[in-house]
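Dear colleague,

Please find below the structure for your review. My notes on the ligand site and on helix packing follow.

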Amino acid sequence: MNDTPDTLLYLADPYSQEAEYGETWREHLSRLAPDIPFRVWPDEVGDGDAAAVRWALVWAPPEGVLAGFPNLELVISMGAGTDHLHGDSAFPSGVKVVRMVEPTLTQKVAEHAVMSVLMAHRELPMYLDQQRRREWVQHENFMVAADRRVGVLGMGPIGMAISEKLRDLGFPVTGWSRTPREIDGVLALQGPVGLDVVFAESDILVLVLPNAPGTRHILDVGRLVQMPRGASVVNVGRGTLIDEPALLSALNCGHIASAVLDVYDEEPLPAESRFWDHPRVIVTPHIAGLTNPRTASEYVVAQVRRHQRGEELLYVAEGF
Ligand code: GLV
């Protein structure tokens, strides 16, 4: 008989920097929900504690660890994506998974995407390359936002926020998503024909899709060819969305003008990747939306409270 109250577990890959955030999460979560015991795996989970764990806040848990909590009912992803959990072949069946969807994270990724679109629009990759060579050359370009069509692939909360901000800057925006969306002043498309339109008519393509069935290499050689000559690619979704060698070829032959990338097929981006020093690629190390424990704690507590009250959970991830 275990009479420890229902417990929230913090479970990060112990070798990653997320493991160190445990204390920061504790500080915020215990302020918001002092009644919910909080334990950090592995140090604070002894024999006999596993049965009390009902909720887990996780990022990339080592394979099989979650299966060791017999009363676990809800996993809250520390990130907007949940693909890092699909690698766990022993993921316990019947456990629900919710994505991290909170306003600060959405805002951060949207800011990063807007910056990336503006960089592509104002040809920053080319000017940064000139700067490295101390080269003062002005390229005539009179295009303003209204002249540059932006496509946004993936219209979840983050894709919608990106679309709204780009629309407000004056870009003509077309969004594509599996399920219908309605946003003022944004053309929202679905289905295979909609996808063809987005590829064919995007001067700047923003990828915000998750790594999910059907999205792997959605930007492959065939789609790159469909894109207008001189188009740019922005990726804040997942590296798996892009066939990277195909993108490099398209950059090298000039069909694609530039790429602003935050995510990669392999992370950390290997030292030998051609992206690092490509003159028309901007590389950032998956920082578009780092989860802030202070603001995200409110979301975590709200989901746990919903679960405690038997209410419907928000942003339940598919495929678990
Ligand atoms: C990070 O990429 C996330 O899923 O939030």
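The notes below cover the model, the ligand and two helix pairs.

This is a predicted model, in which local features need pLDDT of at least 70 and side-chain atom pairs count only at pLDDT 80 or more, while totals for chains, interfaces and linings use all residues. Residues are numbered from 1 along each chain as its sequence is written, and side-chain values use heavy atoms, without hydrogens or water.

Around the ligand (a heavy atom within 4 Å) are Gly79, Ala80, Gly81, Arg238 and His286. Oxygen atoms of the ligand lie 2.7 Å from a backbone N or O atom of Gly81, 2.8 Å from a side-chain N or O atom of Arg238 and 2.6 Å from a polar side-chain atom of His286.

Helices are DSSP runs (H or I, at least four residues), numbered from the N terminus. Helix α3 (residues 103-121) packs against helix α5 (residues 157-169) at about 45 degrees, with the axes 9 Å apart; axes are lines fitted to C-alpha atoms over the stretch in contact, and angles run from 0 to 180 degrees between N-to-C directions. That makes α3 oblique to α5 (not under 35, over 145 or 65 to 115 degrees).

Helix α1 (residues 22-32) and helix α9 (residues 293-308) pack at about 50 degrees, with their axes 9 Å apart, and are therefore oblique to each other. Contact (heavy atoms within 4.5 Å) involves residues including Trp25 and Leu29 of α1 and Val300 and Val301 of α9.

Yours sincerely

Note on methods: Helices (H or I, at least four residues) and strands (E, at least two) are DSSP runs, numbered from the N terminus. A polar contact is a pair of N or O atoms within 3.5 Å; within protein, one must be able to donate a hydrogen and the other to accept it, and residues adjacent in sequence count only if both atoms are side-chain atoms.
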